[in-house]
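Please open the model in your viewer and keep the selection panel at hand. The tour proceeds by successive selections.

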Amino acid sequence: PGAPMLAPRKKLWSTPTAAIDAAADLIRLTSSDALYDVGCGDGRVIIHLASSTPCRRFVGIEIDEDRAREAQRNVNMAKKSSQIPEGVSIVIRRENALEVDYSEATAVFLYLVPRGLRLIKPVLLQRPKAENSTRKESGSENEGNRNGPTDTCANSPDRVRVVTYMAGFADERYIKKE
């Protein structure tokens, strides 16, 4: 059986393009980043970011076999139509996100309910820390409406940059974007 699922689903939701654009503004991907999209669904976040940011390495994690195949088909079509530039690496992996090694991730996109965020946070925090680095936090706490993308641990050299959509991590400082 292994780890529990992050978000057992009765209904599948796709991330709106406006939310992906807002996430891109927050996370500020560079050509040296490796973005992991947890619960990548049909691959739309990765495809959009691959075609609109300088980032060249993407990993989509999807537990559902049919959705992982759909994401791979969509990535293949986007590459074939040149929507995704040459030299961009996109790997879709059918795995439980709670059992993934995130040590190569520099950025993570999460579209999860609070339960899923509680489960994934300790997994993301297991990443090795950079030597001689300190945590820098930007933004302010806001316990109001958390329906927009949020960036946790922004610009921190020893932690992965995380953008969440729909909810933020409890007890974390974050930047909120409507």
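The stops below concern an internal cavity and a helix.

The coordinates belong to a predicted model. Begin with the enclosed space: the structure holds 2 cavities of 30 Å³ or more. This tour visits the second largest cavity, which contains about 40 Å³ of space.

To display its lining, select Ala23, Ala24, Ile27, Leu35, Leu49, Val108, Phe109 and Val163. Two elements give two or more residues each to this lining, namely helix H1 (17–27) and strand S4 (107–111). Which element supplies the largest share of the lining? It is H1, with 3 residues. Colouring the lining of the second largest cavity by residue class shows 8 nonpolar residues, with no polar and no charged ones.

Next, select residues 114–125, which form helix H4. This helix has 12 residues, and the distance from its first C-alpha to its last is 17 Å, close to the 16 Å expected at 1.5 Å a residue.

Within H4, highlight Gly116, Leu117, Ile120, Val123 and Leu124, which are buried. Why do these residues lie on the same side of H4? They do so because they cover an arc of only 125° around the axis. A view along the helix axis is convenient for this step.

Finally, add the surroundings of H4. Its buried residues are covered by elements that include S4 and strand S6 (161–165). S4 therefore appears at two stops of this tour: it gives two or more residues to the lining of the second largest cavity, and it is among the elements covering the buried residues of H4.

Key:
Residues are numbered from 1 along each chain as its sequence is written. This is a predicted model: local features need pLDDT of at least 70, side-chain atom pairs count only at pLDDT 80 or more; totals for chains, interfaces and linings use all residues. Side-chain values use heavy atoms; hydrogens and water are left out. On a 1 Å grid over the protein atoms alone, a cavity is a set of points where a 1.4 Å probe fits but cannot get out, and a pocket is an open set with protein on both sides within 12 Å along at least five of seven lines; lining residues have an atom within 4 Å of a point. Grid points are joined across faces, edges and corners, and a volume is the space filled by probe spheres set on the points. Helices (H or I, at least four residues) and strands (E, at least two) are DSSP runs, numbered from the N terminus. Ala, Val, Leu, Ile, Met, Phe, Trp, Tyr, Cys and Pro count as nonpolar, Asp, Glu, Lys and Arg as charged, and the others, Gly among them, as polar. The expected span of a helix is 1.5 Å times one less than its number of residues. Buried means under 20% relative accessible area, exposed over 50%, partly exposed in between (1.4 Å probe, protein chains only). The arc is that of the directions from the helix axis to the C-beta atoms. Contact means heavy atoms within 4.5 Å.
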